[in-house]
Amino acid sequence: MSDREVVLAAEGLRAGYGDILAIWDANIEIRRGEVTGLLGRNGAGKSTIFRALAGLATVQAGTVTWRGDDITALPPFKRAARGLAVVQEGKRIFRQRSIEENLLLGGFSTRLGRKALAGRVKTMYERFPVLADRRHEHAGGLSGGQQQMLAIAQALMSGPSAILLDEPTAGLAPSIVAEVLGVVTRLGREEGLAVLLIEQDVELVADIVTSATVLELGRAVYHGPPDPAAIRAAMEAVHAPRGTA
């Protein structure tokens, strides 16, 4: 077990939509300087945990904590003020705004002065050179991979301690997938953020994540190292007919 600080965690989490439960008694810890993988098939409950951690879904039971403090009832903007950033699935950017305007909007909630905000924009351009080259263009004109880079950069403008990424590689070409995952790796292992990476493909992220939590049918069926064989076995055991070994 890692001795790194637990920044964001959920314990006994039960959440869903209205009367429909999507996850039951889920536990997860997201630690500083590590990339935690949340894995599972479509419909397993991954995005519901993401939304519950971000404050976007109602928690029916269990707790969400930030550095040990209970934040289960905190709205999203108060979680953001504590240092939580989220990148939702679907490259949610302002497509009719320029790249630079998108970045400035990402830092709006920080109430930084103009000079400090400009410094953060410069840092994003250094991290994502492709954005710097097109800073005055409309974000909607970027490729899918570039839009994902912008969505991540926009989230980082708030200077977070933890970042949640919901399937950031979805719909991207293989060459761009590698680039995006490289960014995710650097955020955790080199820059010290607590990172939650939600993905379906175990093989894709086995070398990226530090540890893995696997969901199946709304329940966590595996916690441990990112071992694809062990993860597949845990997922298949849920669907094995009763009475089989």
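This passage walks through the strands, helices and selected residues of a predicted model.

A good place to start is the open sheet, which contains four strands in the order β2-β1-β4-β5, paired in the antiparallel sense. The edges are taken by β2 (20-31) and β5 (69-70); each has a single partner strand, so one side of each is left without a neighbour in the sheet. Further in, strand β1 (residues 6-17) and strand β4 (residues 59-66) run antiparallel and are joined by six bridges. Within this pairing, Ala9 has Thr65 of β4 as its bridge partner.

The edge strand β2 also holds a backbone feature that may catch the eye. Asp25, located in β2, adopts a positive phi of about 50° although it is not a glycine. With a relative accessibility of 41%, Asp25 falls in the partly exposed class.

Helix α1 (residues 46-54) lies across three strands of this sheet, namely β1, β2 and β4, and runs at about 120° to β1. Seven of the nine residues of α1 are buried, so the helix is largely enclosed by the rest of the structure. The buried set consists of Lys46, Thr48, Ile49, Phe50, Ala52, Leu53 and Ala54. Thr48, a residue of α1, serves as a useful example. Its relative accessible area is 5%, which places Thr48 among buried residues, the cut-off being 20%. Leaving out residues up to four places away in sequence, Thr48 touches Ala15, Gly16, Tyr17, Ala22, Ile23 and Ala57. Just after the helix, Gly55 takes a positive phi of about 90°.

Attention now turns to β3 and its partners. Strand β3 (35-39) follows a loop that begins after β2, and Glu34 sits in that loop. Despite its charged side chain, Glu34 is buried, with a relative accessibility of 6%. Apart from neighbours within four places in sequence, Glu34 is in contact with Ser2, Arg4, Gly188, Leu193, Ala194, Val195 and Thr210.

The strand itself is mostly covered, five of its five residues being buried. Cover is found on both faces of β3: Val35, Gly37 and Leu39 are buried on one side, and Thr36 and Leu38 on the other. Two parallel pairings involve this strand. Five bridges link β3 with strand β8 (residues 194-199) in the parallel sense, and here Thr36 is partnered by Leu196 of β8. Strand β9 (residues 211-216) also runs parallel to β3, and four bridges join the two. In that pairing, Leu39 has Val214 of β9 as its bridge partner.

Helix packing can be followed in the pair formed by α3 and α4. Two packed helices are described by the angle between their axes and the distance between the axes. For helix α3 (residues 99-106) and helix α4 (residues 114-127), the angle is about 125° and the axes are 10 Å apart. This angle makes α3 oblique to α4. The crossing of α3 past α4 is right-handed. On the α3 side, the contact is made by Ile99, Glu100, Leu103 and Leu104, while α4 contributes Leu117, Val121, Met124 and Tyr125. By class, these residues divide into seven nonpolar, no polar and one charged.

Two further sites complete the account. Ala155 belongs to helix α6 (residues 144-156) and is buried, at 10% relative accessibility. Its contacts, not counting residues up to four places away in sequence, are Ala85, Val86, Val87, Pro160 and Ile163. Ala155 and Asp166 are 11 residues apart along the chain, and their C-alpha atoms are separated by 13 Å.

The other site is Glu167, found in the loop between β7 (162-166) and α7 (174-190). Glu167 has a positive phi of about 45° although it is not a glycine. At 8% relative accessibility, Glu167 counts as buried, whereas Asp25, at 41%, counts as partly exposed.

Key
Residues are numbered from 1 along each chain as its sequence is written. This is a predicted model: local features need pLDDT of at least 70, side-chain atom pairs count only at pLDDT 80 or more; totals for chains, interfaces and linings use all residues. Side-chain values use heavy atoms; hydrogens and water are left out. Axes are lines fitted to C-alpha atoms, for helices over the stretch in contact, and angles run from 0 to 180 degrees between N-to-C directions. Angles under 35 degrees count as roughly parallel, over 145 as roughly antiparallel, 65 to 115 as roughly perpendicular and the rest as oblique. A crossing is left-handed if the near helix is turned anticlockwise from the far one by less than a right angle, and right-handed if clockwise. Contact means heavy atoms within 4.5 Å. Two strands pair if DSSP finds at least two bridges between them. Buried means under 20% relative accessible area, exposed over 50%, partly exposed in between (1.4 Å probe, protein chains only).
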